[in-house]
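Biologist: I'd like to go through this model with you and ask how each label was earned. Can we start once it is on the screen?

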Amino acid sequence: MGDLMETIVDVVGLVLVVVSLLFAAVQTRELAKQTRLNNGITRVTATSGLATLTQGWYQHLVRDPSLRPYFFAGRSCPPRGDERAVLVSLAELLADVLEGDLRTTALLPGFDFAQQWHEWPAHMLRNSPVLAEVVEAHPAWWPALRALQQSLDGVADGPVPHPLVEVRRPGRIRALLRRPPLRSGPTEVIERGAPGSVA
């Protein structure tokens, strides 16, 4: 009778373990779904926030279209006067927008679309002398934008890397998996103590 009770207890214990593992698997699947949903919401929120900031900056150009060439056509900023004050202020606002853009996209590495967003700040730095001047004058205010600006030095109108997103190199395991297969065929056996062998 004792052996029968032990067997019953073992079977019940095993069934409970299986049920708890199934429950954990269901919870893990639901957690993965929730994580994907939250990541999607974060991406939409980030995109929306950046669009709002960008639209706010563009409103200044809509109100005064004569300012546009200073940011998109390479026109130099006047050395002094009220127009310079307006242009420097707009360049500082744009630098804030672009810095936020660079920092936000760096936090969304799985969001492939966002990985090209640094090209707009690069374009603006190349085409707006007043923006380039402001960023260069205050590198600590816009460190990501300044890093992007420095990476543009000497680069023609080509792509540049995102200043905050590291290019992922394959890890050690991936590198091992990508190695060519070992040669199949006869191998030379080196006897212990022979020249060229490791003792």
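**Labels and their cut-offs**

Modeller: Let's begin with helix 4 (residues 119-127), where P121, A122, M124 and L125 are buried. Seen down the axis of helix 4, these buried residues fall within an arc of 165 degrees, so they line one face of the helix. That arc is taken from the directions from the helix axis to the C-beta atoms. Before we go on: this is a predicted model, local features need pLDDT of at least 70, side-chain atom pairs count only at pLDDT 80 or more, and totals for chains, interfaces and linings use all residues. Residues are numbered from 1 along each chain as its sequence is written, and side-chain values use heavy atoms, with hydrogens and water left out.

Biologist: What makes a stretch a helix here, and what covers the buried residues of helix 4?

Modeller: Helices are DSSP runs (H or I, at least four residues), numbered from the N terminus. The cover over the buried residues of helix 4 includes helix 1, helix 2 (69-72), helix 3, helix 5 and helix 6 (143-152). Contact means heavy atoms within 4.5 Å.

Biologist: Why is E99 called buried or exposed?

Modeller: Buried means under 20% relative accessible area, exposed over 50%, and partly exposed in between (1.4 Å probe, protein chains only). E99 has 6% relative accessibility, so E99 counts as buried. R103 comes out at 40%, so R103 is partly exposed.

Biologist: How do you know that E99 and R103 meet in a salt bridge?

Modeller: The rule asks for a side-chain nitrogen of Lys or Arg within 4 Å of a carboxyl oxygen of Asp or Glu. For E99 and R103 the N to O value is 2.9 Å, so the pair passes the rule. Being four residues apart in helix 3, E99 and R103 are separated by about one helical turn.

Biologist: What about E30 and K33?

Modeller: Their closest N and O atoms are 3.5 Å apart, and that is a salt bridge too. Both lie in helix 1 (residues 2-63), three residues apart. E30 is partly exposed at 39%, and K33 is partly exposed at 41%. R29, E30 and K33 are linked in a network of salt bridges.

Biologist: Which salt bridge links distant parts of the chain?

Modeller: The side chains of E133 and R84 meet in a salt bridge at 2.3 Å, N to O. E133 is in helix 5 (residues 129-137) and R84 in helix 3 (residues 82-106), 49 residues apart. E133 is partly exposed, at 35%.

Biologist: And how many salt bridges does the rule give?

Modeller: Four.

Note on methods:
Helix = DSSP H or I, 4+ residues; strand = E, 2+ residues; numbered from the N terminus.
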